[in-house]
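I opened this entry to keep track of what I looked up, in the order I looked. The structure comes next, and my notes follow it.

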Amino acid sequence: MIIQQTIGNIKTHSIEGLEIDLLEIEWFETTKRIQRKRTNSGVEIAIKFIQEGQRLNQDDILFQDDKKAIVVNIKPCEAIVMTPSSLLEMGTICYEIGNKHLPLFIQNDQIMMPFEMPMFRWLEASGYKPEKQEIKLLHLLKSNVAPHGHGNSSLFTKILNMASSND
């Protein structure tokens, strides 16, 4: 079965009464445009997204007929989770992690990233309070800042200016 786009998401598209067959994927597979996978019931799926920027999200519907629906399920993984105490701390943590070109997720006012012991130790040594948790990484932070754009108008500078303004 070839999938070129999603049908919708179960949050906005009804699949009531249908058998649900899950396509379980890892967080890093959500941005792959071309991949082959098998659903839990063994249906072979070939994902071939044509448009740039298409990605899979939790609960996306890939296929639906009158009997069943194939739905995306992102598997939980070990992650570093931090709850910043201020906007400045949020910006600083995001800047430091982004400066290392590591994937970053923001969910429920928390910063998350796939677990890496060196980063966990660095965050602890820098005075932050990272926690190791088994969670689903669902909301990858999309950056529109050009890589290596470390000039005067960097994202970090903009965040610092916003946080320090007295408006």
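**Core.** I worked from a predicted model. I began with the largest nonpolar core, which has 20 residues. Leu23, Ile45, Ile47, Leu56, Leu62 and Leu137 are the members that touch the most others in it. I then looked up which elements supply this core: β3 (19-25), β5 (44-48), β7 (68-74) and β8 (77-82) each give two or more residues. Another core, of 14 residues, lies apart from it. Met90, Cys94, Ile111 and Leu123 are among the members of that other core. I noted the general tendency beside this: in soluble globular proteins, nonpolar side chains tend to be buried together.

**Ile45 and Thr39.** I listed the contacts of Ile45, leaving out its neighbours within four places in sequence. The list holds Met1, Ile3, Leu23, Gln35, Arg36, Lys37, Thr39 and Ile70. Thr39 caught my eye, so I asked where Thr39 lies. I found Thr39 in the loop between β4 (34-38) and β5. Is Thr39 buried or exposed? Thr39 has a relative accessible area of 4%, and because the cut-off for buried is under 20%, Thr39 counts as buried. With the same omission of neighbours within four places in sequence, Thr39 is in contact with Asp21, Leu22, Leu23, Ile45 and Ile70. I also checked what the side chain of Thr39 does: it makes a polar contact with the side chain of Asp21, at 2.6 Å.

**Helix α1.** I compared the span of α1 (residues 87-99) with what its length predicts. At 1.5 Å a residue, its 13 residues should span 18 Å, and the end C-alpha atoms are 18 Å apart, so the two agree. Which residues of α1 are buried? I wrote down Met90, Gly91, Thr92, Ile93, Cys94 and Ile97. Two of these names, Met90 and Cys94, I had already met in the 14-residue core. After α1 comes His101, and its phi is positive, near 55 degrees.

**Cysteines.** I looked up Cys77 and Cys94. Cys77 has 11% relative accessibility and therefore counts as buried. Cys94, at 15%, also counts as buried. How many disulfides are there? The count comes to 0.

**Positive phi in a loop.** I went on to the loop between β9 (105-107) and β10 (110-114), where Asn108 sits. Asn108 is not a glycine, yet its phi is positive, about 50 degrees. Asp109 lies in the loop between β9 and β10 as well. Asp109 is not a glycine either, and its phi is positive at about 60 degrees. Are these residues buried or exposed? Asn108 has 69% relative accessibility and so counts as exposed. Asp109 is exposed too, with a relative accessible area of 63%.

**Whole chain.** I left the overall view for last. The chain has 3 helices and 11 strands. Read from the N terminus, its elements run β-β-β-β-β-β-β-β-α-β-β-α-β-α. Of its 167 residues, 38% are buried. I looked at contacts between residues at least 6 apart in sequence, and 66% of them join residues at least 24 apart. The accessible surface of the chain is about 10,300 Å², and carbon and sulfur atoms account for 50% of that surface.

Note on methods: Residues numbered from 1 in each chain as written. Predicted model: local features only at pLDDT ≥ 70, side-chain atom pairs only at ≥ 80, totals over all residues. Heavy atoms only, no water. Disulfide = S-S within 2.5 Å. Buried < 20%, exposed > 50% of the residue type's maximum accessible area, 1.4 Å probe, protein only. Helix = DSSP H or I, 4+ residues; strand = E, 2+ residues; numbered from the N terminus. Core = buried A, V, L, I, M, F, W, Y, C linked by side-chain atoms within 4.5 Å. Contact = heavy atoms within 4.5 Å. Expected span 1.5 Å × (residues − 1). Polar contact = N/O pair within 3.5 Å; in protein donor to acceptor, adjacent residues only side chain to side chain. Areas by Shrake-Rupley, 256 points an atom, 1.4 Å probe, with all protein chains shown as cover.
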